[in-house]
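User: Please take a close look at the charged pairs in this model and at the strands that carry them. I would like one connected account that then follows the strands into their surroundings.

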Amino acid sequence: MVRDPHSYGNAHEVCPSHLALQLTLNFTQRRMDGRCDLTLTWSQPDATYIDLDTRDLTITAVTDGENRPLNYELGSPHPFMGSRLRVHLPERQETVRVVYHTHPDAAALQWLTPAQTTSQRLPFLFTQSQAILARTWLPCMDSPGVRTTFDAVINVPPGMTAVMGAHHETHEPEQGRFCFTMPYAIPAYLIALAAGELAFRAISDRAGVYAEPAVLDRAAWECADMDHMIRTAEALYGPYRWGRWDTIILPPSFPFGGMENPMLTFATPTILAGDRSLVSLMAHELAHSWSGNLVTNATWGDFWLNEGFTIVDCT
Ligand SMILES: [Zn+2]
């Protein structure tokens, strides 16, 4: 395994293969509170610790799966690498549980006030984990070469909807409780969450659009060709392996054109041109379902492998 210069992880010894997240979103304090249970896969049976990436996380406990405390050290913070979390493993643990909360300025988390949304009724949150920002909202091995499945329980304030790039399980919206599973192993930079006043419109039986209710009609019209795009890409590259392909049109502060989060592309509202002239961005993000999300650069030193095959050549 290639050693990733942007991760503290010792994946060549022991690494997470599944994450179980339980997070409560606190919009007043602009923070997430919760825990992450990491299921471990061992390749060096005599390893004595696991090193995880964190940045600006406040760790309140580290235990095994039975809540028995484990010794750990949080390293001094590096400006962009964050702090190494070393958890000592006296036995060959199956699970490490990290209880923590995020910092109000966590780099992956954009907390929007109601005034920054279209309806101006509720606040909004979205994540942007690429390239090495997942570590600002969950402890993980934040390297594109380390892939995990995950499940998540996300608690939000009344009236809000949470969405993730994952299968939706049984939600309890009246309790503000949303449940997800991601059966396909993905790198941490592709774990994505959004929450706010959201509505959904199906485009086909495997494609659809999330947006603020006031934006949904325009969003669905602009994205009407999503299923056609999937079929065109499948003819070029083979079956679409991720089940659904949904898109969420985010509020205007989303800093990118699009982000290829698996099963749920995050997109800027600037693609809503009214004439479908800018939906090539959607084709680019869909292309990542093969190049980038299925076949991923091992480290960010080879980012060209991710983006090089997804660029639309308009010449
Ligand atoms: Zn791209």
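Analyst:
**Charged pairs and the strands around them**

Arg84 is partly exposed, with a relative accessible area of 27%. This and everything that follows is read from a predicted model. Arg84 forms a salt bridge with Asp51, and the closest N and O atoms of the two are 4.0 Å apart. Because Asp51 belongs to strand β3 (residues 49–54) and Arg84 to strand β6 (residues 83–88), the pair ties together parts that are 33 residues apart in sequence. Asp51 itself counts as buried, at 4% relative accessibility.

Asp51 also forms a salt bridge with Arg86, where the closest N and O atoms are 2.8 Å apart. Here too distant parts of the chain are linked, Arg86 lying in strand β6 and Asp51 in strand β3, 35 residues apart. Arg86 is buried, with a relative accessible area of 17%, whereas Arg84 is partly exposed.

The structure holds 17 salt bridges. One of them joins Arg97 to Asp37, with 2.7 Å between the closest N and O atoms. Since Arg97 lies in strand β7 (residues 95–101) and Asp37 in strand β2, this pair connects parts that are 60 residues apart in sequence. Arg97 is buried at 9% relative accessibility, and Asp37 is buried as well, with a relative accessible area of 11%. Elsewhere, Arg206, Asp227, Arg231 and Glu234 are linked in a network of salt bridges.

The strands of the Arg97–Asp37 pair lead into a sheet. Strands β7 and β2 are among the 7 strands of an open sheet with mixed pairing, in the order β4-β7-β2-β1-β10-β13-β12. At its edges stand β4 (58–64) and β12 (167–168), each with a single partner strand, so one side of each has no neighbour in the sheet. Strand β2 (residues 31–42) runs antiparallel to strand β1 (residues 14–26), and 12 bridges join the two. Within that pairing, Asp37 of β2 stands opposite Ala20, so the residue that forms a salt bridge with Arg97 is also placed in the strand pairing.

Strand β17 (residues 245–249) gives a second view of strand pairing. All 5 of its 5 residues are buried, so the strand is largely enclosed by the rest of the structure. Trp245, Thr247 and Ile249 point one way from β17, while Asp246 and Ile248 point the other way. In a regular strand, side chains alternate between the two faces of the sheet. Strand β16 (residues 207–211) runs parallel to β17 and is joined to it by 4 bridges, with Tyr210 having Ile248 as its bridge partner in β17. Another 4 bridges join β17 to strand β19 (residues 264–267), again in parallel, and there Thr247 stands opposite Thr265.

Tyr210 also brings in strand β15 (residues 199–202), where Ala199 is found. Leaving aside neighbours within four places in sequence, Ala199 is in contact with Val209, Tyr210, Ala211, Pro213 and Leu216.

Covalent cross-links do not add to these connections, as the structure holds 0 disulfides. The sulfur of Cys15 is 12 Å from the closest cysteine sulfur, in Cys140, which is too far for a bond. For the sulfur of Cys179, the closest cysteine sulfur is in Cys36, at 16 Å, also too far for a bond.

Note on methods. Residues are numbered from 1 along each chain as its sequence is written. This is a predicted model: local features need pLDDT of at least 70, side-chain atom pairs count only at pLDDT 80 or more; totals for chains, interfaces and linings use all residues. Side-chain values use heavy atoms; hydrogens and water are left out. Contact means heavy atoms within 4.5 Å. A disulfide is a pair of cysteine sulfur atoms within 2.5 Å. Two strands pair if DSSP finds at least two bridges between them. Buried means under 20% relative accessible area, exposed over 50%, partly exposed in between (1.4 Å probe, protein chains only). A salt bridge is a side-chain nitrogen of Lys or Arg within 4 Å of a carboxyl oxygen of Asp or Glu.
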